[in-house]
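Work through these short exercises with the structure open. Try each task before reading its solution.

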Amino acid sequence: MRLAILTIALLAATPAAAQAPVGSMNSLDLQKARADALKTKGFRRAYTIEFDLSQLPEYKPSAPMKGVIRQWGSNYLADSPLQGYFEEAFRKYHPGVTFENNLASTFIGMAGLYTGQADLAPMGRRPSWEELQAYQRMMGGLPAEVMMATGSFDVSGWSFALVPFVHKDNPLKSLTIEQLDGIFGAERQGGWKLNSWDASVARGRDKNIRTWGQLGLTGEWADKPIRVLGYTTNFHFPRDFADKVFGGGYKWNEQMEEYSNKVRESDGDYGKLWNAGDQMMEDLGNDKYAITYTAMLYADKPNVKTVPLAQTAAGPFVMPTIQSVQARTYPLTREVYFYANRKAGEKMDPLIAEYLRFVVSREGQALIMKDGKYLPLTAEAARAQLVEIEKTGSASAGEGG
């Protein structure tokens, strides 16, 4: 009995930090939890809204094509019906075409292209600087980039729009991209435009925003430090945020608190996977001086809100909605891409170009809408991709292939 009492006393005295963590951070546990979570949502149609696609270019097939399209890249095409939709519809026009897919992850897309194992790399984001450097070292230029679709409005994993959130008691009425830069970023000497350094996006420390008073808030808010919560910078969300907000710079607020995914002991909304966004929003709801950015997926968390966002102080200020994201008027809308090899002085492989013309056409974008997670391109964006598909490659390390 005395031993049992002593054991209980020792356990009670053990510091919280020494006890078992709330969620596992083991990478293999996280990988399994992520795969399980995808099973719960990959074949679920998140959106049933019917967008008007009548102004998108109609697909007009060339002579029947034959051959194999080898794809390495994003698992989100294989973890949903979308890749099957694309293949079935394209083969109705070109029955002599087959597909060989290694759709394990966006992380393998560039490697598939520059090692000659793939013809096409679907990716849920733009390539990182390291991926582009590897490609350029091997291929002497940059790959062709074609936007496949607009990212989702709020579906976890499907390149959702990035949305700033503050506490519901915060009197802030709106934000601009420059203000987000001041809050989340730091002084910098430039940024990366693809894999070329761009000094024109440099800014000084005077543009840092570290208190709520610097955003015009008064009274008790004027001198309160802004507590910045963000994704760990190894995730791809910060890369997209930095491209759109910091001009490709990558210097973050020195006080930013980083969050990563964890594995719960019991099931939540997505099985045992405990998303970093979920964690950040819980902490935001408990601290009225905090700010973060994540998905509208978490907008119903207690004590949080978002505000309209604009590129500049001149506006327009736009709230994140499925309509504003699909129309690409919301400033932090994201994209998903196809990448393909295209040598300097040459055009893209005819079979790959034919398939990409189908994907960005009215018929291809209708399949995006049928799947119901990514959002279909606007007519303007679709026509811009057709121009990109027809370009001749160059050895440029900056814009374009």
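**Exercise 1: a helix and a sheet**

Task: Find which strands helix 6 lies across.

Solution: Helix 6, residues 177–184, lies across strand 5, strand 9 (227–231) and strand 13 (290–294). Its direction is at about 115 degrees to strand 13. Keep in mind that this is a predicted model. Next, place these strands in the sheet. Five strands form an open sheet with mixed pairing, in the order 10-9-13-5-14. Strand 10 (257–259) and strand 14 (304–305) are at the edges; each has a single partner strand, so one side of each lacks a neighbour in the sheet. Finally, look at one pairing. Strand 5 (residues 163–167) and strand 14 run antiparallel, joined by two bridges. His 167 stands opposite Val 304 in strand 14.

**Exercise 2: classifying ring pairs**

Task: Decide how the rings of Phe 90 and Phe 358 are arranged.

Solution: Start with distance. The ring centres of Phe 90 and Phe 358 are 5.7 Å apart, and pairing needs centres within 6.5 Å. Now take the angle. The planes stand at 50 degrees, so the pair is tilted. Then locate the partners. Phe 90 is in helix 3 (residues 82–93) and Phe 358 in helix 10 (residues 350–359), 268 residues apart. Both Phe 90 and Phe 358 are buried.

Compare Phe 338 and Tyr 355. Their centres lie 6.1 Å apart with planes at 65 degrees, so this pair is edge-to-face.

**Exercise 3: charges over rings**

Task: Which ring does the charged end of Lys 370 sit over?

Solution: The ring is that of Tyr 85, with its centre 4.3 Å from the charged end of Lys 370. Arg 334 lies over the face of Phe 160, 5.4 Å from the ring centre.

How values were computed. Residues numbered from 1 in each chain as written. Predicted model: local features only at pLDDT ≥ 70, side-chain atom pairs only at ≥ 80, totals over all residues. Heavy atoms only, no water. Pairing = 2+ DSSP bridges. Helix = DSSP H or I, 4+ residues; strand = E, 2+ residues; numbered from the N terminus. Contact = heavy atoms within 4.5 Å. Axes fitted to C-alpha atoms, helices over the stretch in contact; angles between N-to-C directions. Phe/Tyr/Trp six-rings, centres within 6.5 Å; stacked < 30°, edge-to-face > 60°. Buried < 20%, exposed > 50% of the residue type's maximum accessible area, 1.4 Å probe, protein only. Lys NZ or Arg CZ within 6 Å of the ring centre and 35° of its normal.
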